[in-house]
Amino acid sequence: MSTNNTKGAALITGASTGIGATYADRLAKRGYDLILVARDEARLNALADRLRAETGVKVEIIKADLTDKAALLKLEDRLATDTGIAALVNNAGVAGANDFVATDPDAFEKMIQLNVTAVTRLAAAAARNFIPRNKGAIVNLASVVGLAPELGMPVYGATKAFVTYLTQGLRVQFGDSAVRLQAVLPGATRTEIWERSGQDVNSLDPNMVMGVDDMVDAALAGFDQGELVTIPSLPDAADWDGALAAKAKLYPNLSRNEPAARLRKA
Ligand code: NAP
């Protein structure tokens with residue numbers, strides 16, 4: 001997609017509804033052209049028509065199932081080579097499959113393909129585009145579930161822990177590059193993901209559930225403030241820094257030349 005505007009285009013996966021569609025609305029209003037990706041072409045078209053009319057930005061839609069290798073490779077190629085793309089919002093994801101014993105392992109595999117493999121390959125394609133030009137932004141949708149195994153969503157949570165770790169690890173590897181990275185860790189957010197994964201969002205304490213508009217606006221505020229990890233509901237960002245500091249206390253002892261005294265043979 002050629003673009004004349006100064007901001008360039010934002011490529012958003014999972015843009016047909018929910019968090020992705022809300023990012024599309026906000027980024028169009030910020031003046032980005034859009035490349036919207038999902039499987040439901042009719043919904044993508046309806047959103048594209050509305051955003052073109054309301055904002056005047058260029059909107060392209062790409063119908064793609066990101067668990068399909070050929071479709072993923074095609075999108076990767078576009079993302080790696082189109083210098084009109086200025087941002088990737090790596091948002092498409094599925095939840096559910098929480099009962100480890102009862103769930104068909106194929107469902108885990110599909111989830112990992114979308115939540116982990118596609119996210120990684122698309123971030124890598126964007127990096128190949130952005131790093132040599134020292135500009136661009138990669139926003140990855142993780143989840144607070146990835147911080148809390150206690151919530152009992154072992155596979156979904158692990159995919160989301162992966163996304164946060166990936167983002168933090170890329171920040172280290174990208175060093176001083178001006179390429180922006182952000183992991184967004186929403187708590188429960190009112191979207192279709194609940195119904196799609198057989199869960200009832202209304203069964204949760206309403207004080208724990210955020211509206212999707214508030215969630216995305218807060219995530220964008222975190223981006224504007226330069227946060228690497230944004231937890232939209234966390235009142236004090238120092239609490240996150242404190243959690244990182246607590247973890248860092250382990251570092252001197254994580255790899256040593258002898259076992260800990262408590263683990264040595266008597
Ligand atoms: P959602 O309302 O279910 O929307 C998911 C989007 O992903 C849809 O646009 C869907 O479109 C697309 N998608 C699903 N499978 C796909 C596939 N195989 N290929 C391409 N696109 C696919 O979910 P959401 O709540 O907006 O979630 C967005 C992200 O936020 C996810 O990564 C989720 O894990 C994360 N998150 C959500 C919550 C929450 O409570 N809502 C909390 C924490 C994190 P099509 O069906 O048209 O393909």
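Let's call a residue buried when its relative accessible area is under 20%, exposed when that figure is over 50%, and partly exposed in between, using a 1.4 Å probe and the protein chains only. By that yardstick, Arg 26 is buried at 16% relative accessibility, and its neighbour Asp 25 is buried too, at 6%. Before going on, keep in mind that this is a predicted model, where local features need pLDDT of at least 70, side-chain atom pairs count only at pLDDT 80 or more, and totals for chains, interfaces and linings use all residues. Residues are numbered from 1 along each chain as its sequence is written, and side-chain values use heavy atoms, with hydrogens and water left out.

Start with the sheet. Helices and strands here are DSSP runs numbered from the N terminus (H or I with at least four residues for a helix, E with at least two for a strand), and two strands count as paired if DSSP finds at least two bridges between them. On that basis 7 strands make an open sheet with parallel pairing, in the order 3-2-1-4-5-6-7. The edges belong to strand 3 and strand 7 (229–230), each of which has a single partner strand, so one side of each has no neighbour in the sheet.

Now zoom in on the strand 3 end. Strand 2 (residues 33–38) runs parallel to strand 3 (residues 59–63), and 5 bridges join them. To get from strand 2 to strand 3, the chain passes through helix 2 (residues 41–55), making a right-handed β-α-β crossover. Right-handed means that, with the strands pointing away from the viewer, the path from the first strand over the helix to the second runs clockwise. If you want a pair to locate by eye, Leu 34 has Val 59 as its bridge partner in strand 3. Elsewhere in the sheet, strand 5 (residues 137–141) and strand 6 (residues 180–184) also pair in the parallel sense, over 5 bridges. There, Asn 140 stands opposite Ala 183 of strand 6.

What about charges? Taking a salt bridge as a side-chain nitrogen of Lys or Arg within 4 Å of a carboxyl oxygen of Asp or Glu, the whole structure has 15 of them. One joins the side chains of Asp 25 and Arg 26, at 2.8 Å from N to O. Another sits on helix 2, between Glu 54 and Arg 50, whose closest N and O atoms are 3.0 Å apart. Those two residues are 4 apart in the helix, which means about one helical turn separates them. Both are partly exposed: Glu 54 at 47% relative accessibility, and Arg 50 at 34%. These two pairs belong to one network of salt bridges, which links Asp 25, Arg 26, Lys 29, Arg 50, Glu 54, Asp 213 and Asp 217. A further salt bridge connects Glu 192 with Arg 196, with 3.2 Å between the closest N and O atoms. Glu 192 is partly exposed at 26%, whereas Arg 196 is exposed at 52%.

The loops deserve a look as well. Between strand 4 (85–90) and helix 4 (105–130) you'll find Asn 91, which is buried at 11% relative accessibility. Leaving aside residues up to four places away in sequence, Asn 91 touches Thr 13, Gly 14, Ile 19, Gly 20 and Leu 141, where contact means heavy atoms within 4.5 Å. Ala 97 lies in that loop between strand 4 and helix 4, and is partly exposed at 22%. Its phi is positive, near 50 degrees, and it isn't a glycine. Most residues other than glycine have a negative phi. Asn 134, in the loop between helix 4 and strand 5, also has a positive phi, about 55 degrees. Asn 134 is partly exposed, with a relative accessible area of 40%.

Finally, head for helix 8 (237–248) and the segment after it, where Leu 254 lies. Leu 244 is in helix 8 and is partly exposed at 28%. From Leu 244 to Glu 258 is 14 residues in sequence and 26 Å in space, C-alpha to C-alpha. Leu 254 is exposed at 58%, and together with Leu 250 and Tyr 251 it forms a nonpolar surface patch of about 340 Å² accessible area.

How values were computed: Patch = residues over 30% accessible without salt bridge, like charges linked within 9 Å, V, L, I, M, F, W, Y side chains within 5 Å. Areas by Shrake-Rupley, 256 points an atom, 1.4 Å probe, with all protein chains shown as cover.
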